[in-house]
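Me: I have a structure on my screen and want a close look at a single part of it. Please take one helix and what surrounds it, and walk me through the packing.

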Amino acid sequence: MIDVAEDRPLPREERLGQFQRLVAEHDPGDRVTVDAIRFGERHRFTVQLTEADFGGSPVVRTRAQRTPTAGLGIEVVDLTPSLARQWEYAEAGGALISDVAPGSAASRRQIVPGLVIREVNRTPVGSAREAEAALRALRSGDVASLLLELPQGGTVIRNIRVP
């Protein structure tokens, strides 16, 4: 069951991130029950998840296809114009976090799908390939300092020790 209903109102980004984390734990084709509050009333839906076609690189991959980067538990794709519109980024370019493995080092640091990696250890990142290369260069025990852009503006830094 996916329960995104909360007794307290959450900021849009937090609700979206929570929902995305929960959906990421399932594969396309899975049937899930979703509880939500709409106009103050609790509703329950049963839905079948599908893989969205964004016209570029897939954002969602089955568990067997996921290859987390550098043991941090994240997967990245290029931020295409279509994905930039979907995630409400002003412009394309960069490495969009498309998946975060549950229980991974990244998920423990509140990194969620939909954030864009702009720098790894103060080195600018302009594509998924550049982000993957920078993260693969890290060794166990190193700290990855990620400058992350949020949808609709703003940035945060997350420091993650590589397992």
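Reply: What follows is a close look at helix α4, its surroundings and the strand pair beyond.

First, the setting. The model is predicted. The chain holds 4 helices and 9 strands. From the N terminus, the order of elements is β-α-β-β-β-α-β-α-β-β-α-β-β. The chain has 163 residues, and 36% of them count as buried. Among contacts with a separation of 6 or more, 48% join residues 24 or more positions apart. The chain exposes about 9300 Å², with 49% of that supplied by carbon and sulfur atoms.

Now the helix. Buried in α4 are A128, A131 and L135. These three sit on the same side of α4, because they cover an arc of only 65 degrees around the axis. The other side of α4 carries R129 and R136, which are exposed. What do the buried residues of α4 pack against? They pack against the strands β4, β5, β6 and β8.

Next, the core. The largest nonpolar core has 23 residues. The members that touch the most other members are I74, V76, I97, I111, I117, L135 and L146. L135 of α4 is thus one of them. Six elements give two or more residues to this core. The helices are α3 (105–108) and α4 (128–136). The strands are β4 (74–78), β5 (95–100), β6 (116–120) and β8 (143–149). A second, separate core has 8 residues, including V77, L83, A84 and W87.

Look at I117 for the link to the helix. Leaving aside neighbours within four places in sequence, I117 contacts A131 and L135, both buried in α4. The contacts of I117 also include I74, V76, A95 and I97. V125, L147 and L148 complete the list for I117.

From the core, move out along β8. This strand runs antiparallel to β9, and 7 bridges join the two. One pairing involves L147, whose bridge partner in β9 is I157. L147 also contacts I117. In a regular strand, side chains alternate between the two faces of the sheet.

E149 also lies in strand β8. Is E149 buried or exposed? Its relative accessible area is 19%, and the cut-off for buried is under 20%, so E149 counts as buried. Leaving aside neighbours within four places in sequence, E149 is in contact with Y89, L115, V116, R118, G154 and T155.

Past E149 comes the turn. β8 and β9 form a hairpin with 5 residues between them. Q152 is in that turn, with a positive phi of about 65 degrees. Q152 has 46% relative accessibility and counts as partly exposed. Which distance separates the C-alpha atoms of Q152 and E88? They are 5.7 Å apart, although their positions lie 64 residues apart along the chain.

One more loop belongs in the picture. G103 lies between β5 and α3, two elements that each give two or more residues to the largest core. G103 itself is exposed, at 54% relative accessibility. G103 and G73 are 30 residues apart in sequence, and their C-alpha atoms are 8.4 Å apart.

To sum up, α4 turns A128, A131 and L135 to one side, and these pack against four strands, β4, β5, β6 and β8. R129 and R136 are exposed on the other side.

Notes. Residues are numbered from 1 along each chain as its sequence is written. This is a predicted model: local features need pLDDT of at least 70, side-chain atom pairs count only at pLDDT 80 or more; totals for chains, interfaces and linings use all residues. Side-chain values use heavy atoms; hydrogens and water are left out. A nonpolar core is a set of buried Ala, Val, Leu, Ile, Met, Phe, Trp, Tyr and Cys residues joined through side-chain atoms within 4.5 Å. Buried means under 20% relative accessible area, exposed over 50%, partly exposed in between (1.4 Å probe, protein chains only). Contact means heavy atoms within 4.5 Å. The arc is that of the directions from the helix axis to the C-beta atoms. Two strands pair if DSSP finds at least two bridges between them. Accessible areas come from the Shrake-Rupley method with a 1.4 Å probe; for residues, only the protein chains shown count as cover.
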